Amino acid sequence: MANYGAKQRIPSSPPPPSSSTDPHEREPKGYQEIFYANFRVYCPINIPPTSEAAGVRIMRNIGSFGLYYTLFVWIILFITLIPRRKVSLILLVIMTYVTTIYCLILRAFPNSVVLHRIIDKRAVLTLLAVATAVQLILTEAGIHLAVTLASSVPLVLVHAILWASFDAFEVETASAKGELAPLTGHDESVAENYSDAV
């Protein structure tokens with residue numbers, strides 16, 4: 001049979017396997033390989049190991065998500081008051097406006113000694129919450145308030161116990177050695193200024 005000028009190649013033996021002692025063999029070479037080599041799946045929900053850890057986690061999450069928890073309870077209360085309790089609904093909205101104005105004043109004057117040092121904002125917000133509850137009870141919406149709190153507070157506590165986003169990272173700084181610190185990298189003074197918005 002004619003080859004028509006083509007050359008046939010004889011297959012050579014496969015190259016010998018490289019030794020496993022090569023340090024550069026296992027290193028990822030591209031950006032995507034480096035990204036996937038360092039990729040970790042993180043779930044921010046887990047069960048705390050002890051009751052003390054659960055208590056610390058509840059306090060931390062209430063401090064972090066307090067505004068969202070309050071908004072969740074407020075929305076449920078607002079929906080339960082819509083059908084029959086118009087006066088209670090109007091009073092709830094008025095007290096919400098008063099609380100919002102107070103928070104805006106705190107935000108507008110971050111360096112005020114009177115608003116931030118002399119008058120405790122937690123005492124004022126607690127007083128506003130008690131006044132709202134008293135108004136709802138006086139307008140015969142106490143049952144709605146009790147049902148709302150009984151249905152929403154357990155959900156809030158379950159979330160506060162299970163959410164562990166800040167527990168997963170341990171950042172050691174000069175001010176908090178060995179303690180869990182926020183991931184933002186701000187000092188405590190800066191964090192206090194931002195916490196006034198709540």
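Here are five short exercises on the predicted model above, each with a worked solution.

**Exercise 1. Getting an overview**

Describe the secondary structure of the chain, and find how many of its residues are buried as a percentage.

*Solution.* Start with the elements: the chain has seven helices and zero strands. Read from the N terminus, the order is therefore simply α-α-α-α-α-α-α. Next, turn to burial: 18% of the 198 residues count as buried. Finally, look at the contacts between residues with a separation of 6 or more: 63% of them join residues 24 or more positions apart.

**Exercise 2. Two helices, two spans**

Set the end-to-end reach of α2 and of α3 against the expected values at 1.5 Å a residue. Where is α2 kinked?

*Solution.*

1. Take α3 to begin with. This helix has 23 residues, and its first and last C-alpha atoms are 33 Å apart, close to the expected 33 Å.
2. Now take α2, residues 51-81. Its 31 residues would reach 45 Å in a straight helix, but the end C-alpha atoms are only 36 Å apart.
3. Look along α2 for a bend. A kink of about 75° is centred on F65.
4. Check the burial of the residue at the kink. F65 is among the buried residues of α2, as are G66, N61 and Y69.
5. Ask what the buried residues of each helix pack against. Those of α2 meet α3 (86-108), α5 (121-138) and α6 (142-162). The buried residues of α3, including L92, M95, Y102 and C103, pack against α2, α4 (113-118) and α5.

**Exercise 3. Comparing with the record**

Which residues does the unreviewed UniProt entry list as "transmembrane region", and how much helix do residues 65-83 and 89-110 hold in the model?

*Solution.* The unreviewed entry lists residues 65-83, 89-110, 122-139 and 145-166 under that name. In the model, residues 65-83 are 89% helix and 0% strand, with end C-alpha atoms 29 Å apart. For residues 89-110 the values are 91% helix and 0% strand, and the ends lie 32 Å apart. One more detail links back to Exercise 2: F65, where the kink of α2 is centred, is also where the listed span 65-83 begins.

**Exercise 4. Rings around F65**

Work out the geometry of the aromatic pairs that F65 forms with Y68 and Y69. Are Y68 and Y69 buried or exposed?

*Solution.*

1. Count the pairs: the structure holds four aromatic pairs.
2. Take F65 and Y68, a tilted pair with 6.4 Å centre to centre and 55° between the planes. They are three residues apart in α2, so about one helical turn separates them.
3. Take F65 and Y69, also a tilted pair, with 6.2 Å between centres and 50° between planes. These two are four residues apart in α2, again about one helical turn.
4. Bring in the helix geometry. An α-helix has 3.6 residues a turn, so residues three or four places apart point the same way.
5. Compare the accessibilities. Y68 counts as exposed because its relative accessibility is 56%, whereas Y69 counts as buried because its value is 11%.
6. Put the rings together. Ring pairs join F65, Y68, Y69 and W163 in a cluster.

**Exercise 5. A loop and a serine**

Characterise T139 and E140 in the loop between α5 and α6, then do the same for S151 in α6.

*Solution.*

1. Begin with T139. Its side chain reaches the backbone oxygen of Q135 at 2.9 Å. Leaving aside residues up to four places away in sequence, T139 touches R85, V87, S88 and L91. One of these, S88, is a buried residue of α3.
2. Move on to E140. Its phi is positive, about 60°, although E140 is not a glycine. E140 is exposed because its relative accessible area is 59%, over the 50% cut-off.
3. Finish with S151, which lies in helix α6. With a relative accessible area of 38%, S151 is partly exposed. Its side chain reaches the backbone oxygen of T148 at 3.1 Å.
4. Look across from S151 to I76. Their C-alpha atoms are separated by 9.1 Å, although the two residues are 75 residues apart along the chain.

Conventions
Residues numbered from 1 in each chain as written. Predicted model: local features only at pLDDT ≥ 70, side-chain atom pairs only at ≥ 80, totals over all residues. Heavy atoms only, no water. Expected span 1.5 Å × (residues − 1). Bend = angle between axes of the 7 residues up to and from the residue. Buried < 20%, exposed > 50% of the residue type's maximum accessible area, 1.4 Å probe, protein only. Contact = heavy atoms within 4.5 Å. UniProt positions renumbered as here; feature names shortened; annotations may be inferred. Phe/Tyr/Trp six-rings, centres within 6.5 Å; stacked < 30°, edge-to-face > 60°. Polar contact = N/O pair within 3.5 Å; in protein donor to acceptor, adjacent residues only side chain to side chain.
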